[in-house]
Amino acid sequence: MNARHPTRRSLILSALPSLAFPALVRAQTFAPLGPAAGGFAQPSRDTRLRFPADHGPHPAFRIEWWYVTANLTGPDGTAYGVQWTLFRSALSTDDAIPQAWLGHAALTTPDRHLSAERMARGGTGQAGVTAEPFSARIDDWALDGPSLSDVTMTAAGADFAYDLALATDRPFVLQGDRGYSLKSATGVASHYYSQPFYRAEGRLILPDREVPVTGLAWLDREWSSAPLEPGQLGWDWASLHLATGEKVMAAQLRQQGRAPFTAATWIAADGSPTPIPDGGVTLTPLETAEVAGRSVPVRWRIALPDRGLDVEIAAVNREAWMDLLYAYWEGPVTIEGSHAGVGYLEMTGYE
Amino acid sequence: MIRAGLMALLSHWRRRPFQLLTLVVGLATATALWSGVQAINAEARASYDRAAGDLAGAARETLESDAPIPPAQVLALRRAGWPVSPVLEGRVGALRVVGIDPFTLPPGDVPGDGGSFDPAFLGPEGRLIVAPGAEVPDGLPPAVRAESVPPGTAYTDIATAARLLEDGGYTRLILTGPPSLTAPPLTEVAPDLTRRAPDTGGADVARLTDSFHLNLTAFGFLSFAVGLFIVRGAVGLAFEQRRPMIRTLRALGMPRATLTALLGMELLILALVAGAIGVALGWVIASLLIGDVAATLRGLYGAEVAGTLTLRPAWWLSGLGIAVLGTGVAAAASLWQTARMPLLAPARPRAWARASGRAMRWQAGAALVCGAVALAAGIVGGGLVAGFVLLGGLLLGAALALPLVLTAALSALSRTARGPRGEWFWADARQQLPSLSLALMALLLALATNIGVGTMVSSFRLSFTGWLDQRLAAELYLHAETEDQAREIEAYLAPRVDAILPIRSAETRLAGAPGEVFGVADHATYRDNWPLIADSPRVWDRVAAGEAALVNEQLARREGIWPGDRIAIAGRDLPVAGVYSDYGNPRGQAMVGLALFDALFPDAPRTRFGLRVPEAEVAGLAGDLRDRFGLADDRLTDQAAIKRASLAVFERTFTVTAALNVLTLGVAGLAILTSLLTLSGMRQPQLAPVWALGMTRRALARLDLARAALLAGLTFLAALPVGIALAWVLLAVVNVEAFGWRLPLFVFPRDWLVLLALSLAAALAAALIPARRLARMPPAQLLKVFAHER
Amino acid sequence: MSEPLLSLDGVEKSYPGAEAPVPVLRGVSFDLAGGETLALTGESGSGKSTLLHLVGGLDTVDGGRIRLEGRDIAGLDEAGRARLRRERVSVVFQQFNLIPSLDVAANIAFQARLSGRHDPDWTARLAARLGLEDQLRKYPEDLSGGQQQRVAIGRTLAARPRLVLADEPTGNLDEETGGRVLDLMLELVAETGAALLCVTHSPALAARMDRRLTLTGGRVA
């Protein structure tokens, strides 16, 4: 079980239809699962994911995303981070209502954090995803195959751009029960798989220079129709590339008046996942910083005693604030302690 | 103590309900006129703000093209990293439909509040977002109301707009942000699109209409001032009459401060009650006038203003505020005097009147100051504000000087008196003056305004109709649907009419502001008729040869461009050969010869003509053209119809002015009535001895009537020069600033006679009630004068 | 014996009361000869002022007759009574006798000019006798109470009426001033040969008259 599930990004999705539809989104996200949500397809434990077909969109589900983060290094050893995200949201169960697409992209250097977003109406050709050959696009941003195991990833904002090649020969990692990811408390579930093993290579474009980079990248694919639960304050989520070749996802959901709900997945170097149940991992903030007028933890201790993991992660750039219509913190981190490595940290709900 | 004191003070009003009525009516009327005008202004301003916040005028760059922009081009631009959001705009009947893409438009630019959106907006049926109260024609998608939408506009999803307007291409693209760092230049991606700076249309409208609203505000303020004269009179009298009571309360141990506070509280209560009534009345007035105001603003400035009012808290709060403030201003002197009144001062029933005598000298000084300010504003100042300062100084100075002028006039007239009755009549009139002067000053203001504005409007109308005759020389005006049709019609008409005069125009910038250029044919119609107010030798020859241009008066005055100066038109620098008057158009305009026009604006449509036809053949030819070419009614207009429509717009422009005029005069009449009524209670000591010495009550009443008529007549005479001066300022200063044209002053003595008769009638009507009361007063009441300490 | 200048016969007058009319005079009869001075005394509310107002043509009787120089004035209409006030009788009130908008000279001459009997010499002499030469351009409100009453007396006598009526003419003045004003009035009345009917509650004043009548409960006691 893990908590990197619909809840995580469905908050971002709540910002999706460009805030022009806040009432609508509120209704969607907080509505009890009743007739209103009944029109959307629901994840099923019996569904077997098939590739490459499931790399493409699932328009019968309410929300879906293609989410890539990359830890990169320049020729001088400087650490960089890159984010490329495409969200899809069905605004209604009515097929005649166009679907909404939202892109987030960011480039983080040790001293700058640049971000951009894109919005599009579905069905116009402005944004969309095809499974084979694989292509996910919005405006001038693209995640283009031949296949999802071999893509070029491009995005640009007014003050940055990047152009990376991601490739791997490892299989996709099915999260939860063969890609059926259940969340304990309410029985809400999603379909969820990842590709944490990309090797990345390419260039970063800044207004004053270009930087050749290499590194590691991590893809999350998830779709669901689950609404957000009330009482959630936000979450802290980390993906870790350990120097030993293992990958770890560790997350906690901060809840009003209750201990956080935690989740983690230990992914062996060969790609076999082990879900860690609630309470199996602890995330402890060690230091906070003033970011965009809020107090945000930028150094954490993550302990997973079962696997002998006890590390401190620290932000490469504390100012990794995604100052978009829906704002949150997302940026690269470095890992020290029982294990070394790099990773990505995402934090929401720090108002 | 406070309660008892307040009850004692308020008991005065119970005993004199009429005085209370006077005070409340005066204050309520003043507040009503003021807040009525404010409501209209607030509504208009809100409409401008909405228009300014409108997408069409949004503060963003746009990409535009002469032809519809294909959707594929939007995709190409976005693919290239240019963040554009398409807009599809068109008309469905009178409704301006604006299709937007809520996905790509920044949320702040999306009209309406979020609540007005739901998925149905994007659905196959679609939704329209319109202003509250807007009418939506049948057959359109369901409408959702939102405050921020400009009147006459409907926002809808771009897909819905495409369906409604049967148009697949976009009208323009909004640049919602900077392009991607890696985006190619726009000239590469979309060479055929023109990048346009943010539109400031809303601000332009606001600037143009400023003068109109300043006009209204000035009127509202004037009405308020007239109302305050009534309040001042009523409050002063009430305080005066309550002096003995106040002295008694003081003697009984009520501290001076408490008493003053109580009086202040009483005034506050009265102000709030009367203010509330006034605000309600103001709402009624504004509701009645807003339609005409909206029509005027649309006709004159092309500004869309909602024809209905919205109740805004800021508005009625400020209405109450101005009522309280006005009461404070009107009552300050009385309150101060009462607060300072020594406990043991002798009862001097005439002290108030005597104090008015002293006040008159102060007033004379103040009148001089006002006159000086007006003069200074007239000589030194420029601009609309200086114009209104000049007006204000003139009116206020004249009002303040009135008692002095009337005293002098009465003194002079009293010398003509023969016999004791006559002497007493004049002496008494002079003595009454201080008590009546506030009402008479109000009357002077109202009369002067009436004369001034009436003269201005009549002068304007005379100039305007004359100008229409000159300007609309062609008998028929034709607007073909296409250039092909225009050519066919031209060929058909050539042998059938005296002349075909092409009317060609193009929008351009003149002296840095949006304006219009016309191409003019070389024809006697123009040479003989065109209303030139300044010209130079061979003006028409030079224009026809393309050597010179004509500009309209607005442009000439605004930019100081007169014959001999030069103006740039579409990059061509031309000398100005003449200036023509051009009423009803706030923008700058220029005319050049047809050949030059074609060279400068080759793309301007060739679809409009003026036709010279013998009068008798107009109807036949028009019918013929309609049948043969299937021309819609609005494509073919005869001269008379245009004149009718123009005059209708003109008349409507001054409907509001006229209404406020009448209301102001009504308030002044009310001021006289209430002054005379309150005075009649005070006049017994003056009348009783005369009666006792052998005059009948009836004779005294007749003299009172005559006196009222005399004072009104004298006030009218005093108002006459003030009104003419006012008209001159309006025509020669305010109009030039507000509209850009200067008009000759014509006088209309017959209107004055009507006004004189009206003011005499008002004064007589006002004097009739107290006079009748006097004629029927029981002798015992008059006799009380000799027996009672009052 | 010649006919009396003024003759009252059963004069009745009531004023409207809260419920029923309140009778003020219940049949008053007396005569006054030319040149005679008569004090009319009585308690407050006895009707003496009312009687004076009736004689002066300022109010109308409810019953009885009032003959002045042989003609009944009870039946006169408003215009007739105004004429009577102008030409044949003249009243000095307790206070507020004067027209506030006219100066002293105009006030003194006013009634005489109204009745067409203005004699500038006589008026000037009167003003001098009353000690008002220096006050002629002043307005009533600028004068003291004694001065005002002297102006009122001057105005009354300027028209040389046959009958002078006075209603507590010194009632509003202090004793000394009142005495001087009364002396002047009696002196001048005697000079012009007019009769004087003076309402007063002052025994001292009444004692200066030829005759004295007392009203009690609306009747001559």
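**Exercise 1.** How many residues of chain B are in contact with chain C, and how many of chain C with chain B?

*Solution.* Before counting, note that this is a predicted model, where local features need pLDDT of at least 70, side-chain atom pairs count only at pLDDT 80 or more, and totals for chains, interfaces and linings use all residues. Residues are numbered from 1 along each chain as its sequence is written, while chains are lettered from A and ligands numbered from 1 in the order in which they are written.

Step 1: get the rule straight: two residues are in contact if their C-beta atoms, placed from the backbone, lie within 7 Å.
Step 2: with that rule, 23 residues of chain B touch 29 residues of chain C.
Step 3: look at where chain B's side comes from: α12 (419-471), α21 (684-692) and α24 (779-787) each supply at least two residues. Helices here are DSSP runs of H or I with at least four residues, strands are runs of E with at least two, and both are numbered from the N terminus.
Step 4: α12(B) gives the largest share, 7 residues.
Step 5: sort that side of chain B by class, and you get 15 nonpolar, 5 polar and 3 charged residues. (Ala, Val, Leu, Ile, Met, Phe, Trp, Tyr, Cys and Pro count as nonpolar, Asp, Glu, Lys and Arg as charged, and the others, Gly among them, as polar.)

**Exercise 2.** Work out how α12(B) packs against α23(B).

*Solution.* Step 1: find the partner, helix α23, at residues 749-775 of chain B.
Step 2: the angle is about 155° and the axes lie 11 Å apart. Axes are lines fitted to C-alpha atoms, for helices over the stretch in contact, with angles from 0 to 180 degrees between N-to-C directions.
Step 3: α12(B) and α23(B) are therefore roughly antiparallel, a label for angles over 145 degrees.
Step 4: pick out the residues that meet: B:Leu443, B:Leu447, B:Asn450, B:Ile451, B:Gly454 and B:Ser458 from α12(B), with B:Asp751, B:Trp752, B:Leu755 and B:Ser759 from α23(B).
Step 5: by class, that contact has 5 nonpolar, 4 polar and 1 charged.

**Exercise 3.** Which strands stand at the edges of the open sheet in chain C?

*Solution.* Step 1: write down the order of the 6 strands, β6-β7-β8-β3-β9-β10, with mixed pairing. Strands pair if DSSP finds at least two bridges between them.
Step 2: β6 (89-92) and β10 (219-220) of chain C each have a single partner strand, so one side of each is left without a neighbour in the sheet.
Step 3: now try an inner pair: 4 bridges join β3 (residues 37-42) to β8 (residues 195-199) of chain C, and the two run parallel.
Step 4: for one such bridge, C:Leu40 partners C:Val199 in β8(C).

Key:
Parallel < 35°, antiparallel > 145°, perpendicular 65-115°, else oblique.
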